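Visitor: I am new to this structure. Please take one part of it, look at it closely, and then lead me on from there to other parts.

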Amino acid sequence: MALSATSTGFDADIWQEFTAARNEPDWILELRRQAFELYQEKLAEPLDPEEYKRVDLRTFRPEKYALQPAGAAASTGELDTLMQDRGEFAGRVTHVDGHCTSSELSRELADKGVLFGDLATLLNEHRERLEPYFHTQAVDPSRDRFSAWHAAFWTGGTVLFVPRNVELDAPLYSLIGLQADGAADFSHTLIILEEGASATLLEETASFSPDTDGLHVGAVELIVAPGARLRYVQLQNWNEKVRHFAHQSGRVGRDSMLQWTVGGLGAKLAHIHQDVHLDGRGAHAEVNGVTFATDRQLLSYYTQQTHHQPDTRSDLLYKEVCRDKSRVIWRGMIKVDPDAQQTDGYQRNDALMLSRDARADAIPGLEIEADDVRCTHGATAGRVDEEQVFYAMGRGLSRYEAMHVIVEGFFAEIYDRIPVELVRETLSQAVERKLGIGD
């Protein structure tokens with residue numbers, strides 16, 4: 001049975017049609033069935049007001065969007081990407097409208113036991129390695145209606161599994177694209193690093209056309225075992241008509257390191273729920289966020305840094321630039337469990353306004369149950385100083401060039417924290433492109 005190209009909405013009939021078309025093993029189908037029951041229950045429950053009260057969902061109509069049948073995706077040559085052709089990668093995987101269109105991995109890494117490619121395929125072929133991690137440790141399907149919705153309808157996505165003590169010198173690349181007007185994508189990213197492993201994955205979302213509407217309901221699960229090191233970058237670069245929702249969670253083990261960089265550029269409306277759990281003594285997480293909103297974009301983040309064990313460190317720095325009538329929302333929380341003594345937690349959010357009508361809401365918070373910790377937070381917001389613009393223009397720069405210099409300087413603190421040159425260059429190029437919109 002094939003999924004109909006005209007099937008819209010996400011009711012029980014659509015779920016039955018969707019699962020019948022996928023021909024999946026019973027254990028995956030059972031997980032989907034449980035998640036769909038949760039989804040139906042969650043639809044009757046209100047969303048957490050603390051997280052969603054500033055996210056306007058009144059015009060969001062899920063029934064406008066449709067899951068796309070396999071084989072409907074065309075070539076990815078027209079995707080407007082920022083990273084795809086800028087670097088040398090040890091492996092690549094591309095998804096369009098929820099289906100894998102290409103996947104490759106170097107023979108050297110495959111021989112070392114590395115798994116990289118389409119999640120749906122590799123879950124079938126390597127169940128014994130992947131099942132213990134899939135939707136069991138990081139993203140909880142019962143969190144709210146969006147997490148349950150994703151767990152019931154996930155369409156594919158990227159999986160990376162790195163065996164114990166295997167170190168990847170070259171980065172891997174994952175691309176998620178939307179092509180069809182009204183397409184719904186439920187891609188899932190699952191990264192597992194066993195003890196002592198290290199890897200870098202660069203992931204990007206992109207649209208074929210600036211005019212096509214679309215929906216993305218995603219999930220990201222990052223499992224970093226003791227002594228492992230993961231650098232993960234997700235650059236959200238949809239067009240400004242896509243609605244983007246995602247639950248993302250990282251679990252960081254003893255003496256391990258997670259560096260997580262998030263770029264928010266596109267989408268009409270985006271809301272990201274991002275959790276980092278410090279699960280083992282000596283765990284360290286660094287979270288970087290670069291956001292540039294224009295026109296009437298609304299980009300929202302809800303972040304949590306949870307310290308479960310002693311001697312753990314977390315460092316979150318988000319920077320946002322808002323122009324026109326755009327709005328960025330950030331709600332951050334550091335949580336410290338009673339046993340997590342000697343915790344060092346930090347979070348900071350800085351916003352730069354390029355117009356009078358732009359708005360940024362920043363709400364940091366602390367929930368500390370241990371008595372021997374160092375936890376600090378802060379938030380700043382302000383407009384561009386016109387005297388700085390005048391000074392730069394007086395030395396031969398155009399107003400556009402002056403604004404570019406100021407915005408680049410504002411983001412420089414984030415760039416300096418990122419060791420991957422390709423990522424720094426890509427973010428800088430993306431900022432320059434956003435500055436040019438409407439000029």
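Guide: His135 is buried in this predicted model, because its relative accessibility is 14% and anything under 20% counts as buried. This residue sits in the loop between α6 (127-130) and α7. His135 is not a glycine, yet its phi is positive, at about 60 degrees. Most residues other than glycine have a negative phi.

A second residue can be set beside it. Asp324 is not a glycine either, and has a positive phi of about 60 degrees. Its place is the loop between β17 (313-322) and β18 (327-336). Asp324 has a relative accessible area of 27%, and is therefore partly exposed. Asn23, just after α1, also takes a positive phi, of about 55 degrees.

That leads to helix α1 itself, which covers residues 12-22. At its start, a side-chain oxygen of Asp11 comes to within 3.2 Å of the backbone nitrogen of Asp13. Which residues of the helix are buried? They are Ile14, Trp15, Glu17, Phe18, Thr19 and Arg22. The elements that cover these buried residues include α2 (26-43), β1 (66-67) and α5 (119-125). Also among them are β5 (156-162) and α7 (145-153), and α7 is the helix at one end of the loop that holds His135.

Strand β1, part of that cover, also bounds a loop that begins at α3 (49-52), and Phe60 lies in this loop. Phe60 has a relative accessible area of 9%, so it is buried. Setting aside neighbours within four places in sequence, Phe60 is in contact with Tyr65, Phe146, Trp149, Leu215, Arg243 and Phe245. One of these partners, Phe245, is 185 residues away from Phe60 along the chain, while the C-alpha atoms of the two are 12 Å apart.

Another buried residue, Gln274, is found in strand β14, residues 269-278. Its relative accessible area is 2%, which means that Gln274 counts as buried. What does Gln274 touch, apart from neighbours within four places in sequence? The partners are Gln248, Trp260, Val262, Val287, Tyr302, Thr303, Gln304 and Tyr318.

Next come the charged pairs. Side chains of opposite charge can pair when their charged atoms come close. The model has 25 salt bridges by the rule used here, and three of them can be taken in turn.

Lys42 pairs with Glu45, with 3.5 Å between the closest N and O atoms. Lys42 is buried, because its relative accessible area is 16%. Glu45 is partly exposed, because its relative accessibility is 36%.

Glu108 pairs with Lys112, and here the closest N and O atoms are 3.6 Å apart. With a relative accessibility of 53%, Glu108 counts as exposed. Lys112, at 40%, counts as partly exposed.

Asp361 forms a salt bridge with Arg359, the closest N and O atoms lying 2.9 Å apart. Asp361 is buried, at 12% relative accessibility, and Arg359 is partly exposed, at 44%. Elsewhere, salt bridges with shared partners link Lys319, Arg348, Asp350 and Glu413 into one network.

The last stop is a pair of helices. Two packed helices are described by the angle between their axes and the distance between the axes. Helix α9 spans residues 399-417 and helix α10 spans residues 421-436; the angle between them is about 145 degrees, and their axes are 10 Å apart. Their crossing is right-handed. On the α9 side, the contact is made by Tyr400, Met403, His404, Val407, Glu408, Phe411 and Tyr415. On the α10 side, the residues are Arg424, Leu427, Ser428, Val431, Glu432, Leu435 and Gly436. How many residues of this contact are nonpolar, polar and charged? The contact of α9 with α10 has 8 nonpolar, 3 polar and 3 charged residues.

To return to the starting point, His135 is a buried residue that has a positive phi without being a glycine. Asp324 has a positive phi as well, but is partly exposed.

Definitions and conventions:
Residues are numbered from 1 along each chain as its sequence is written. This is a predicted model: local features need pLDDT of at least 70, side-chain atom pairs count only at pLDDT 80 or more; totals for chains, interfaces and linings use all residues. Side-chain values use heavy atoms; hydrogens and water are left out. Axes are lines fitted to C-alpha atoms, for helices over the stretch in contact, and angles run from 0 to 180 degrees between N-to-C directions. Helices (H or I, at least four residues) and strands (E, at least two) are DSSP runs, numbered from the N terminus. A crossing is left-handed if the near helix is turned anticlockwise from the far one by less than a right angle, and right-handed if clockwise. Contact means heavy atoms within 4.5 Å. Ala, Val, Leu, Ile, Met, Phe, Trp, Tyr, Cys and Pro count as nonpolar, Asp, Glu, Lys and Arg as charged, and the others, Gly among them, as polar. Buried means under 20% relative accessible area, exposed over 50%, partly exposed in between (1.4 Å probe, protein chains only). A polar contact is a pair of N or O atoms within 3.5 Å; within protein, one must be able to donate a hydrogen and the other to accept it, and residues adjacent in sequence count only if both atoms are side-chain atoms. A salt bridge is a side-chain nitrogen of Lys or Arg within 4 Å of a carboxyl oxygen of Asp or Glu.
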